[in-house]
Protein chains: 2
Amino acid sequence: MSLKFGILGLLSKWNATGYEIKKEFDDYMSIFWHSHLSQIYPELNKLEKEGLIEGKTITQIGKPDKKVYEINEAGADQLREWLLAKQDEPKIKDPFLMQVFFMDNISADDVIFQLKSYRKEREKRLLKLQQIMRDSWESIKEREAMSSRVVMATAVLKKGIDEEINYIKWCDETIELVEAFKDVWDDDLQATKKMDFATFEEQLIQYGALKALGE
Amino acid sequence: MSLKFGILGLLSKWNATGYEIKKEFDDYMSIFWHSHLSQIYPELNKLEKEGLIEGKTITQIGKPDKKVYEINEAGADQLREWLLAKQDEPKIKDPFLMQVFFMDNISADDVIFQLKSYRKEREKRLLKLQQIMRDSWESIKEREAMSSRVVMATAVLKKGIDEEINYIKWCDETIELVEAFKDVWDDDLQATKKMDFATFEEQLIQYGALKALGE
DNA sequence: GCTGACATGTAACCCGTTACATGATTCC
DNA sequence: GGAATCATGTAACGGGTTACATGTCAGC
């Protein structure tokens, strides 16, 4: 149900074609949503039929024709209504964290390898978002653009960047944690007595497991 | 594709019925996945047909019959194979952040109201996860349970708690930011000259927009 | 000659959600 | 008497992904 408002919202900022909307979903808006062209085009047609947006076909030379959409008053009304409504909480689907949860089934070395690979992916994404922030900041300064629009976009971008920084930090801490248990990973710790419970507890406290309780 | 491995992974920890799997998805596993009973039951039947798990019907008195599933070697093999594979990055769908991105379309007071309401939701969830952490930690200490399983479960739980703490912190910072621009929210700032660009810039720097660039 | 950007779509399929269906027991 | 818990499922619908289809131009 939110793709609709993702499109309406974007068209409240500027007029755009389906192709341009997709690019925005892949860049800036990737922090909170993602979509495919094969979903965007039918949705645009649906919104036009519903009378919330209006499209104009523009003939180009050397390039295919394009259809530039514009939001109308009915669309803007529905958008504002949606903006005041309570949203569902995000439905998280994080296959990597699911993997981590079950990683006691593989060796400590494999766990560390997986954590390090994933950390790299996150780092890449962080750099991408930081580049977007740098570019958008530069354009704001050039135009001395002051508006609530700039404020909210910056807030969302910061949220995205913070999230990446935190994910990377968690990867580093967790790699360290697993490394501390490397030698005893596959053993039944209680039977072999290679480590006592006090040491085990101390490691997890240092990791911050209890600090997270805020006590 | 990951629901399959969510179920296999859970059955690698202990035997369970569909109903019990659902409860685990709602509690601990809610940090990285969520699912409905109407999806879990057919999936369990599918996995049994594929020969990865085995179910035994148990007749109960005073309660309906239940079917307890157990993972077999073929299932454990597929799980380990999946654990070593590279996962897709999480496909984020966060309707609230989408709202925030478009909130220049509503008044500053409405924005602050929305941010405060959402903050409350996140706080509720934080308390829930902290309770899970407290309970699980208590049970670990009681049994002096030391294992890689405990380590990985703790790591994932900490990730979930950290995420909530960061989301709440971001809400607080953003509320403060919007409050700073409250008086000029609906105005065209450049035209009215109610605020100069240096002040505008200073506010965003204080918010941490540039700190996030790591420069 | 190949890849990638530009540009718009359809069709098949898979996954996920909501609603429906059933029925006993326990607690308020 | 009503709500919640235990327990398993089917059916309809809606949303999302992958594959297919088409064609030009620019740059390597």
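**A two-chain model: interface, cores and salt bridges**

B:Thr154 lies in helix 7 of chain B, and this residue makes a handy way into the model, which is a predicted one. With a relative accessibility of 2%, B:Thr154 counts as buried. Setting aside neighbours within four places in sequence, its contacts are A:Leu204, A:Ala209, B:Tyr28 and B:Met133. That list takes in residues of chain A as well as chain B, and the interface is a natural next stop.

Between the two chains, 98 residues of chain B are in contact with 97 residues of chain A. The area buried between them comes to about 9,600 Å², with carbon and sulfur atoms giving 71% of it. Polar links turn up here too: the rule finds 28 residue pairs in polar contact across the interface, counting pairs with both residues at pLDDT 80 or more. On the chain B side, helix 1 (2-13), helix 4 (73-84), helix 5 (95-101), helix 6 (108-143), helix 7 (148-180), helix 8 (189-192) and helix 9 (197-207) each put in at least two residues. Helix 7 of chain B gives the most, with 21 residues. Sorted by class, the side of chain B that touches chain A holds 54 nonpolar, 19 polar and 25 charged residues.

A loop of chain A also reaches across to chain B. A:Ile92 sits in the loop between helix 4 (73-84) and helix 5 (95-101) of chain A, and it touches B:Ser30, B:Ile31, B:Phe32, B:Trp33, B:His34 and B:Glu163, leaving out residues up to four places away in sequence. Even with those contacts, A:Ile92 counts as partly exposed, at 24% relative accessibility.

Next, the nonpolar cores. In soluble globular proteins, nonpolar side chains tend to be buried together. The largest nonpolar core here has 72 residues, and the members that touch the most others are A:Trp170, A:Phe200, B:Ile7, B:Ile21 and B:Phe32. Helix 7 of chain B gives the most to this core, with nine residues. A second, separate core has 71 residues, including A:Phe25, A:Leu79, B:Ile112 and B:Trp170. Both cores, then, have members from chain A and from chain B. Back in the largest core, B:Ile21 is worth a closer look: apart from neighbours within four places in sequence, it is in contact with B:Ile7, B:Leu10, B:Leu11, B:Ala16, B:Ile40 and B:Leu44. One of these, B:Ile7, is also on the list of members that touch the most others.

Charged pairs come next. Side chains of opposite charge can pair when their charged atoms come close. Over all chains the count is 44 salt bridges, and the count between chain B and chain A is 10. One that crosses the interface is B:Lys158 with A:Glu173, where the closest N and O atoms are 3.1 Å apart. A:Glu173 also meets A:Lys169 in a salt bridge (3.8 Å, N to O). These two residues are four apart in helix 7 of chain A, so about one helical turn separates them. A:Glu173 itself counts as partly exposed, at 22% relative accessibility. Elsewhere, salt bridges with shared partners join A:Lys158, A:Asp162, B:Lys169 and B:Glu173 into one network.

Two more pairs within chain A show how the surroundings vary. A:Glu164 forms a salt bridge with A:Arg122, the closest N and O atoms being 3.0 Å apart. This pair links distant parts of the chain, with A:Glu164 in helix 7 (residues 148-180) and A:Arg122 in helix 6 (residues 108-143), 42 residues apart. A:Glu164 is buried at 2% relative accessibility, and A:Arg122 is buried as well, at 6%. In the other pair, A:Arg80 forms a salt bridge with A:Glu73, with closest N and O atoms 3.6 Å apart. Here A:Arg80 is partly exposed at 30%, while A:Glu73 counts as exposed at 55%.

A last point concerns the backbone. Most residues other than glycine have a negative phi, and most peptide bonds are trans. A:Glu144 has a positive phi, near 45°, and B:Glu144 likewise has a positive phi, of about 45°. A:Glu144 is in the loop between helix 6 and helix 7 of chain A, and B:Glu144 is in the loop between helix 6 and helix 7 of chain B. Both are partly exposed, A:Glu144 at 42% and B:Glu144 at 43%.

Conventions
Residues numbered from 1 in each chain as written. Chains lettered and ligands numbered in written order. Predicted model: local features only at pLDDT ≥ 70, side-chain atom pairs only at ≥ 80, totals over all residues. Heavy atoms only, no water. Contact = heavy atoms within 4.5 Å. Buried area = accessible area lost by both parts, 1.4 Å probe. Salt bridge = Lys/Arg side-chain N within 4 Å of Asp/Glu carboxyl O. Polar contact = N/O pair within 3.5 Å; in protein donor to acceptor, adjacent residues only side chain to side chain. Nonpolar A, V, L, I, M, F, W, Y, C, P; charged D, E, K, R; others polar. Core = buried A, V, L, I, M, F, W, Y, C linked by side-chain atoms within 4.5 Å. Buried < 20%, exposed > 50% of the residue type's maximum accessible area, 1.4 Å probe, protein only.
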